[in-house]
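This briefing reviews selected local features of a single protein model. It covers charged side-chain pairs, helix packing, individual residue environments and backbone conformation.

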Amino acid sequence: MPNIKIFSGSSHPDLGQKIADRLGLELGKVVTKKFSNQETCVEIGESVRGEDVYIVQSGCGEINDNLMELLIMINACKIASASRVTAVIPCFPYARQDKKDKVGSRAPISAKLVANMLSVSGANHIITMDLHASQIQGFFDIPVDNLYAEPAVLKWIKENINEWKNCTIVSPDAGGAKRVTSIADRLNVDFALIHKERKKANEVDRMVLVGDVKDRVAILVDDMADTCGTICHAADKLVSAGATKVYAILTHGIFSGPAITRINNACFEAVVVTNTIPQEDKMKHCSKIQVIDISMILAEAIRRTHNGESVSYLFSHVPL
């Protein structure tokens, strides 16, 4: 593939390497360091003049540092005369701050701010995965390809859950209903919904199950899990409603605070996440966590974008 360069930020170098390997390319040379006053410094170590540049940086770990590093890398490539700069952001930072609620009407819409920052830094195109709200694509004035982990999730379910034909796909909240119905339709199984009421952020007050899971395998599906309070509450609710086994499948496993302890104490057979966020450390402390590799989906999206081909094939197929 001529005229293409792939660089990886410091948030998830392993994913960047897998994408480059899949495309048969070398990762571009980049040196990121911090000055003593904690300012980020980025030096691109090779010519990008006239090149189609892809920068892989996920919104995880030290999110603010990694976001700033991405903006500086985009800008560095842009002012070094790259013809096009695409930010590949598997887990979009600040995606949960996407609207004003009735409560806290002075809340910021930080996802829009991040979109503006990416555009101003010089990004021509964004590739991301399972945005918390699809409408975030409308915050940008540049093209956004929001890829889905759904094809990889379907593949995992069919290969790893023997009783998948007798399962119920469950959404742990009303917001994920669309995602869950799509997967249930593709598998031709039933779906259920858990309605939750929150008194304040990160704390669930009560839950109501809508649907039937009795004597079935229940598969909780969500786009992200942070402190895991919701999915662990949901798992207890499903077991008390008669589910035989409970799995959780999440695109972005953030797992902050007490998450790992909660998962270890919960009644999950497995908690399956993609590698949009590095999971090696978490897996050492929790044997229930399993990882689906989505580097081939991102790599194929990069290849198709570079060659001017359609990306919509990836919405329903896992590249071989």
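**Salt bridges, helix packing and residue environments**

Across the whole structure, a search identifies 17 salt bridges. The model is predicted, and its side-chain atom pairs count only at pLDDT 80 or more. Three of the charged pairs are described below, followed by two helix contacts and several individual residues.

**Salt bridges**

- Side chains of opposite charge can pair when their charged atoms come close.
- One such pair is D14 with K18, whose side chains form a salt bridge with an N to O distance of 3.6 Å.
- Both D14 and K18 belong to helix α1 (residues 13-23), where they sit 4 residues apart, about one turn of the helix.
- D14 has a relative accessible area of 33% and is therefore partly exposed, since that value falls between the limits of 20% and 50%.
- K18 is likewise classed as partly exposed, at 33% relative accessibility.
- A salt bridge also links D226 to R96, with 3.0 Å between the closest N and O atoms.
- Because D226 lies in the loop between β11 (217-225) and α6 (229-240), while R96 lies in the loop between β5 (84-89) and α3 (110-121), this pair ties together parts that are 130 residues apart in sequence.
- D226 is buried, its relative accessible area being 15%, whereas R96 is partly exposed at 44%.
- In the pair formed by R303 and E300, the closest N and O atoms of the salt bridge are 2.9 Å apart.
- R303 and E300 are 3 residues apart in helix α9 (residues 295-306), so about one helical turn separates them.
- R303 counts as partly exposed at 23% relative accessibility, whereas E300 counts as buried at 12%.
- E300 and R303 are joined with R304 and E309 into one network by salt bridges that share partners.

**Packing of α4 against α5**

- Two packed helices are described by the angle between their axes and the distance between the axes.
- For helix α4 (residues 150-160) and helix α5 (residues 177-187), the axes come within 11 Å and cross at roughly 50 degrees.
- This angle makes α4 oblique to α5.
- The two helices, α4 and α5, cross in a right-handed sense.
- The contact brings E150, V153, L154, I157 and K158 of α4 together with R179, S182, I183, R186 and L187 of α5.
- By class, the residues in this contact of α4 with α5 are 5 nonpolar, 1 polar and 4 charged.

**Packing of α1 against α9**

- The axes of α1 and α9 are 9 Å apart, and the helices pack at an angle of about 55 degrees.
- α1 and α9 are therefore oblique to each other.
- The crossing of α1 past α9 is right-handed.
- From α1, the residues L15, K18, I19, R22 and L23 meet S295, M296, L298, A299, I302 and R303 of α9.
- This contact of α1 with α9 comprises 7 nonpolar, 1 polar and 3 charged residues.
- Among the contact residues are K18 and R303; K18 also takes part in the salt bridge with D14, and R303 in the salt bridge with E300.

**Individual residue environments**

- H252 is located in strand β12 (residues 245-253) and is buried, with 1% relative accessibility.
- Apart from neighbours within four places in sequence, H252 contacts P90, C91, M129, D130, D223, M224, A225, T276 and I277.
- The C-alpha atoms of H252 and E43 are 29 Å apart, and the two residues are 209 residues apart in sequence.
- G61 is found in the loop between β4 (52-56) and α2 (63-79), and at 71% relative accessibility it counts as exposed.
- Between the C-alpha atoms of G61 and F268 the distance is 25 Å, with 207 residues separating the two along the chain.

**Positive phi values**

- Most residues other than glycine have a negative phi.
- N3, which is not a glycine, has a positive phi of about 55 degrees.
- N3 lies in the segment before β1 (4-8) and is partly exposed, with a relative accessible area of 45%.
- D130, also a residue other than glycine, has a positive phi near 40 degrees.
- D130 occupies the loop between β6 (125-129) and β7 (144-147) and counts as buried at 9% relative accessibility.
- D130 is also one of the residues in contact with H252.

Conventions:
Residues are numbered from 1 along each chain as its sequence is written. This is a predicted model: local features need pLDDT of at least 70, side-chain atom pairs count only at pLDDT 80 or more; totals for chains, interfaces and linings use all residues. Side-chain values use heavy atoms; hydrogens and water are left out. A salt bridge is a side-chain nitrogen of Lys or Arg within 4 Å of a carboxyl oxygen of Asp or Glu. Buried means under 20% relative accessible area, exposed over 50%, partly exposed in between (1.4 Å probe, protein chains only). Axes are lines fitted to C-alpha atoms, for helices over the stretch in contact, and angles run from 0 to 180 degrees between N-to-C directions. Angles under 35 degrees count as roughly parallel, over 145 as roughly antiparallel, 65 to 115 as roughly perpendicular and the rest as oblique. A crossing is left-handed if the near helix is turned anticlockwise from the far one by less than a right angle, and right-handed if clockwise. Contact means heavy atoms within 4.5 Å. Ala, Val, Leu, Ile, Met, Phe, Trp, Tyr, Cys and Pro count as nonpolar, Asp, Glu, Lys and Arg as charged, and the others, Gly among them, as polar.
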